[in-house]
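Here are some short exercises to work through at your own pace. Keep the structure open beside you and try each task before reading its solution.

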Amino acid sequence: MNDPFADNPERACLGIPDNIFFPDPGENALAAQAQQICHTCPIVDACREWAIYNHEQGIWGGTTDRDRETIRRDRQAEPLRSRQRRTHLTVVAARTQAGVYAKDIAAELGITARTVVRMRGELRKVA
Ligand code: SF4
């Protein structure tokens with residue numbers, strides 16, 4: 001699946017070589033460097049949720065593969081629908097902030113544009 005944040009001008013990793021975010025096993029210093037960059041990123045939560053949901057490899061949202069595996073395991077008790085919903089809400093928030101159309105967010109997440117619009121309404125209520 002495509003990285004929905006690749007064209008986000010706010011992401012802290014913009015212009016930084018990809019290899020930092022995809023360290024080989026044992027390249028802990030490189031992984032730590034990537035995680036530091038993520039911790040300054042305004043879309044860190046959405047990025048992490050995306051990677052958890054899509055089983056991405058590498059450093060995403062300040063987490064390693066192992067971190068995300070632990071999070072997925074901890075969330076196993078939650079119904080799948082709740083986990084998906086949390087991911088969708090965080091991605092909808094980040095992509096809306098980046099000015100992406102509802103129909104495009106819907107296509108990225110495999111949901112309807114109507115659902116994206118409804119989620120935007122929910123997010124406005126809690127903001
Ligand atoms: S959280 Fe990290 S990997 Fe994700 S967009 Fe931001 S800097 Fe890039």
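**Exercise 1. Find the backbone feature that follows helix 2.**

Solution. Go to the residue just after helix 2, histidine 55. In this predicted model, histidine 55 has a positive phi of about 55°.

**Exercise 2. Decide how far helix 2 is covered, and name what covers it.**

Solution. Step one: helix 2 spans residues 44–54, and 8 of its 11 residues are buried. A residue counts as buried when 20 or more other C-beta atoms lie within 10 Å of its own.

Step two: list the buried residues, which are Val44, Ala46, Cys47, Arg48, Glu49, Trp50, Ala51 and Ile52.

Step three: look for the cover over these buried residues, which includes helix 1 (28–38), helix 3 (65–74) and helix 4.

**Exercise 3. Describe how helix 2 and helix 4 pack.**

Solution. Two packed helices are described by the angle between their axes and the distance between the axes. Start with both: the axes of helix 2 and helix 4 cross at roughly 140° and come within 8 Å. Angles over 145 degrees would count as roughly antiparallel, so helix 2 and helix 4 are oblique to each other. Their crossing is left-handed.

Next, pick out the contact residues. Helix 2 contributes Asp45, Ala46, Glu49, Trp50, Ile52 and Tyr53, while helix 4 contributes Arg86, Thr87, Thr90, Val91, Ala93 and Ala94. Sorted by class, this contact has 7 nonpolar, 2 polar and 3 charged residues.

**Exercise 4. Do the same for helix 4 and helix 6.**

Solution. Helix 4 (residues 80–97) packs against helix 6 (residues 113–126) at an angle of about 85°, and their axes are 10 Å apart. Angles of 65 to 115 degrees count as roughly perpendicular, which means helix 4 is roughly perpendicular to helix 6.

On the helix 4 side, the contact residues are His88, Leu89, Val92, Ala93 and Thr96; on the helix 6 side they are Val116, Met119, Arg120 and Leu123. This contact divides into 6 nonpolar, 2 polar and 1 charged residues.

**Exercise 5. Which residues come nearest to the ligand, and which helices help supply its shell?**

Solution. There are 14 residues around the ligand, and Arg11, Cys13, Cys38, Cys41 and Cys47 come nearest. Helix 1 and helix 2 each supply at least two residues of the shell. To finish, sort the shell by class: 11 residues are nonpolar, 2 are polar and 1 is charged. Cys47 also links back to Exercise 2, as one of the buried residues of helix 2.

Note on methods: Residues are numbered from 1 along each chain as its sequence is written. This is a predicted model: local features need pLDDT of at least 70, side-chain atom pairs count only at pLDDT 80 or more; totals for chains, interfaces and linings use all residues. Axes are lines fitted to C-alpha atoms, for helices over the stretch in contact, and angles run from 0 to 180 degrees between N-to-C directions. Helices (H or I, at least four residues) and strands (E, at least two) are DSSP runs, numbered from the N terminus. Angles under 35 degrees count as roughly parallel, over 145 as roughly antiparallel, 65 to 115 as roughly perpendicular and the rest as oblique. Two residues are in contact if their C-beta atoms, placed from the backbone, lie within 7 Å. Ala, Val, Leu, Ile, Met, Phe, Trp, Tyr, Cys and Pro count as nonpolar, Asp, Glu, Lys and Arg as charged, and the others, Gly among them, as polar. A residue is buried if 20 or more other C-beta atoms lie within 10 Å of its own, exposed if 12 or fewer, and partly exposed in between; C-beta atoms are placed from the backbone. A residue is near a molecule or strand if its C-beta atom, placed from the backbone, lies within 6 Å of it. A crossing is left-handed if the near helix is turned anticlockwise from the far one by less than a right angle, and right-handed if clockwise.
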